Amino acid sequence: MKYALLFTFFLTSVLLQAQTRPDSLRSDTSRNVQLQELVITASRVPERLLQSPLSIELLNARQIRYSAQPSYYDAIENLKGVQLLTSSLGFKVYNTRGFANPTNVRFVQLVDGMDNQAPHIGSPIASALAPSDLDIERVEIVPGAASALYGLSALNGLAQLITKDPFTSPGLTIGQKTGVNHVGESQVSPQLYTETSLRYAQPLGNRFAFKINLTYQQGYDWIARDAADLNTNANASLGLTGLNNPGSDRVNQYGDESANRRTLTLGGKKYVVSRTGYFENDITDLRLRNLRGDVALYWRLKPGWTLSYHYKAATLNNVYQRTNRFRLENYRLSQQGLVLESPALLVRLYRTAENTGDSYNIRSMAENMDRSFKSDDRWFSDFSSQFTAATQAGQSVVQALQQARNQADQGRIQPGTPAFDAEVSRLRTINNWDRGAALRVKSWLYHGEAQVEVSRLLGPAFQEKTKLHLLAGGDFRQYVVFPDGNYFINPNGTDRNLQYRKAGGFVQASRTFWGERLKLTGSLRLDKNQYFTPRLNPLVTAVFSPAAEQYVRASYQTGYRYPSLFEAFSNVNSGGVKRVGGLKVMSQGIFERSYFRTSIDAFQAAINTDVNTHQLTTEQAIQKNKGLLRKNTYTYLQPEQVNSLEVGYRSLFFKKRLYIDVDFYYNVYRNFIAQVEANIPKKSNPDSLAYYLADRTQQDRYRLWTNSKTRVYNYGSSVGIRYALVREWTVTGNASLARLDRTDQGDGLEEAFNTPQWITNVGLANPALWKSFGFSLNYKYQSAFLWQSSLATGQVPAIHTFDAQMSYDFSWLLVKVGGTNVFNRPYTTFKAGPSVGGLYYTSLVLKAW
């Protein structure tokens with residue numbers, strides 16, 4: 001590693017001496033370019049950042065070019081109020097203002113106005129359809145609710161990725177990043193990371209233009225290897241804890257979860273025993289191989305009018321996380337779009353297609369790998385027989401338990417062997433997670449929208465007389481999914497494709513007062529989903545300028561989120577647990593007859609304790625504790641809602657060198673969409689109900705999508721500062737506070753907050769420290785916080801990371817040498833996530849023509 005770094009620094013020094021960039025080529029307007037941007041995302045109309053009625057964070061092309069991170073997708077993490085979840089080297093998820101999860105359906109990502117989500121889950125697959133670093137013009141982040149403007153699922157935030165115009169940014173550009181990660185790790189040697197990008201754009205006369213982008217990534221993924229036990233109290237009544245707990249559930253070991261455990265009566269005592277399982281890096285391929293590209297054609301019909309066609313496609317091979325962790329293999333996502341833009345009219349039509357290819361569920365792969373060599377019934381029988389023999393031979397309980405596991409595991413398929421690889425290949429073709437691991441989903445999204453500036457159409461006289469700016473628009477969206485029989489079924493009992501659609505529209509009016517010192521804006525949006533009554537989303541904003549370059553803003557809005565396709569219609573066989581969508585058409589009869597799994601677990605644990613410590617018989621313990629059982633009180637899904645109040649202040653001081661942005665928000669969430677686990681007895685005799693629920697084999701287990709009954713209140717604040725010193729020195733800093741205020745019931749189903757209380761970033765940069773030699777540094781601190789999810793719950797330690805880069809900018813070549821987490825202190829961003837170490841890289845961007 002040290003020789004690679006020495007070579008990189010040597011190469012940089014040679015290039016430094018080879019050519020210097022003339023001062024005349026450097027931009028002397030860099031201090032203010034961020035503040036003069038025309039932003040559209042926060043209000044759907046162009047305006048200066050200072051005057052925006054909502055909080056908005058910008059990352060422009062120049063900031064990306066000289067950031068301490070290897071790509072703009074990494075640099076977004078340093079924006080004010082942004083929380084990053086790293087599921088893998090090729091899969092990162094952003095969130096703002098709380099309630100984070102690795103499949104963040106509350107945060108929307110648009111590329112030039114097109115939603116680039118994977119249709120079946122309702123959220124983006126990281127950068128799958130995102131622009132390359134060579135084509136990105138700027139990033140606009142709107143923290144907080146934006147569904148009143150966009151009618152999407154943007155309850156937590158919205159990211160708009162805006163690409164370069166081929167008319168104004170022509171030419172051939174080639175980028176090459178080469179790096180290394182897994183430095184100094186015991187489980188794997190240092191691994192090479194490469195990313196090659198190409199952009200070619202060219203006008204064909206004054207009316208036609210095109211652009212092509214292509215990016216290929218290759219590397220070795222971060223490893224999720226947390227061995228903490230999530231089931232520490234399973235055998236506490238027997239004094240078996242820690243490494244001696246036979247019922248352990250390791251965080252990143254799969255096949256030892258609840259579905260893979262049984263309670264065994266051995267020697268008159270009740271033992272909770274798990275199957276052995278496999279760690280993630282034993283059961284999955286950690287190689288990263290991602291290819292994505294896009295083609296766009298532009299036709300200027302007449303001045304101000306442009307018609308464009310866009311095609312994007314990606315093939316992914318990397319690890320990905322939802323409720324479980326998955327290996328995406330030959331996963332394909334594509335999008336086609338047609339856009340008409342004019343001064344008063346915008347029309348956008350697009351279609352997204354998704355095919356999960358040869359992907360598989362890592363947890364299902366592990367548990368069915370265990371079952372493929374020995375069924376559960378036989379394994380637990382062998383375990384019991386060997387335990388009895390060992391204790392009768394005078395072995396201690398701990399020794400007998402270990403001998404029993406060794407005996408039951410004899411013949412178990414070992415990672416790295418041909419037999420293991422062959423079984424992986426077999427299981428990944430079986431589309432039923434009770435017996436296999438395949439993820440086989442084909443889905444499509446169709447979207448059409450139009451927006452018109454009514455006031456412009458009414459003419460200058462109307463605007464002069466009323467001072468009103470009027471905007472109106474509407475959209476239609478339809479999801480289509482192929483019923484594969486495991487992940488989705490058609491509830492109507494046919495094999496026809498499942499369809500799920502909504503339509504909506506909005507009107508918006510704004511007016512300035514007092515010599516344009518005050519601007520008031522109001523909008524009203526109405527959306528209708530085929531399974532729900534219409535929902536109104538109002539938004540009211542005010543921006544007041546008490547002095548030049550100073551703006552105070554305030555807003556109030558209501559936002560709704562309809563259930564995603566998966567939340568509404570899923571029908572997944574998953575290791576003996578069926579995950580069922582929450583619409584009535586999917587789950588009728590299940591809610592009404594089921595009992596909370598939490599009460600069943602408490603009931604079974606109480607039986608074990610009474611048998612083990614109080615010498616009761618099993619029947620006596622059942623009768624004593626059956627009052628612990630509780631009927632499921634939840635019901636069918638409804639849309640999720642948030643009411644959000646925000647105030648903020650932006651200003652420029654000291655001849656526009658100092659920029660300050662402060663905000664405060666308060667949110668109230670209702671009807672959180674969450675999951676409840678509930679079991680139904682296989683038999684219906686009411687007198688034997690408790691006996692059925694005391695036996696894992698006598699009940700059907702479900703995980704149902706429903707709504708929390710809790711109203712949740714959260715608040716937060718953030719401040720961002722940017723100071724332009726002399727000679728292009730820039731100091732930046734931001735700090736964000738996020739707090740869960742209170743819950744009015746705390747029913748246990750409210751979505752976990754999963755957000756650090758503090759996130760701070762401090763940066764120092766100078767792109768022209770000496771001639772064309774520059775550098776940038778960034779320090780991030782993130783406080784420790786509690787992570788809660790169905791996969792794992794536990795404390796996420798605080799994060800302290802340093803990112804750094806040195807660059808030399810020729811007129812034709814940008815050389816960048818840097819690293820993220822340069823001190824190589826591994827960290828995780830959520831429980832069950834991978835351990836992220838240092839990534840050291842060299843980036844070359846060649847402006848070939």
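**Close-up views of a predicted chain**

**View 1. The salt bridge between Asp74 and Lys92.** With a relative accessibility of 14%, Asp74 counts as buried, because a residue is called buried when its relative accessible area is under 20%. The model shown here is predicted, and the values in these legends should be read with that in mind. The partner of Asp74 is Lys92, and the two side chains meet in a salt bridge with a distance of 2.2 Å from N to O. Lys92 belongs to strand 5 (residues 91-96) and Asp74 to helix 4 (residues 72-75), so this pair ties together parts that lie 18 residues apart in sequence. Lys92 is buried as well, since its relative accessible area is 18%, and the limit for this word is under 20%.

**View 2. The salt bridge between Glu449 and Arg348.** In this view Glu449 forms a salt bridge with Arg348, and the closest N and O atoms of the two are 3.3 Å apart. The pair links distant parts of the chain, for Glu449 sits in strand 24 (residues 442-453) and Arg348 in strand 22 (residues 345-355), with their positions 101 residues apart. Are these partners buried or exposed? Glu449 is buried, with a relative accessible area of 13%, and Arg348, at 10% relative accessibility, also counts as buried.

**View 3. Asp376 with Arg371, and a network of salt bridges.** Asp376 and Arg371 form a salt bridge in which the closest N and O atoms are 3.1 Å apart. Asp376 has a relative accessibility of 15% and therefore counts as buried. Elsewhere in the view, salt bridges that share partners join Glu57, Lys80, Arg97, Arg553, Glu646, Arg650, Asp661 and Asp663 into one network. For the chain, the count of salt bridges comes to 52.

**View 4. Two loop residues with positive phi.** Although Glu549 is not a glycine, its phi is positive, at about 60 degrees. Glu549 is placed in the loop between strand 28 (535-547) and strand 29 (550-561). Lys655 is another residue other than glycine with a positive phi, in this case near 60 degrees, and its place is in the loop between strand 33 (640-653) and strand 34 (658-670). Lys655 counts as exposed, because its relative accessibility is 81%, and the word exposed is used for values over 50%.

**View 5. The chain behind the close-ups.** The chain from which these views are taken has 18 helices and 45 strands. Its radius of gyration is 29 Å, close to the 29 Å that the globule rule gives for 849 residues, so the chain is as compact as a globular protein of that length. The C-alpha trace spans about 90 × 65 × 50 Å along its principal axes. Of the 849 residues in the chain, 59% are buried, and of the contacts with a separation of 6 or more, 67% are made by residues 24 or more positions apart.

**View 6. The exposed area and the charges.** About 33200 Å² of the chain is exposed, and carbon and sulfur atoms supply 56% of that area. The chain carries 94 positive and 69 negative charges, and the mean positions of these two groups are 3 Å apart.

Notes: Residues are numbered from 1 along each chain as its sequence is written. This is a predicted model: local features need pLDDT of at least 70, side-chain atom pairs count only at pLDDT 80 or more; totals for chains, interfaces and linings use all residues. Side-chain values use heavy atoms; hydrogens and water are left out. Helices (H or I, at least four residues) and strands (E, at least two) are DSSP runs, numbered from the N terminus. The radius of gyration is taken over C-alpha atoms; the globule rule is 2.2 Å times the number of residues to the power 0.38. Buried means under 20% relative accessible area, exposed over 50%, partly exposed in between (1.4 Å probe, protein chains only). Contact means heavy atoms within 4.5 Å. Accessible areas come from the Shrake-Rupley method with a 1.4 Å probe; for residues, only the protein chains shown count as cover. Lys and Arg count as positive and Asp and Glu as negative; His and the chain ends are not counted. The place of a charge is taken as NZ of Lys, CZ of Arg, CG of Asp or CD of Glu. A salt bridge is a side-chain nitrogen of Lys or Arg within 4 Å of a carboxyl oxygen of Asp or Glu.
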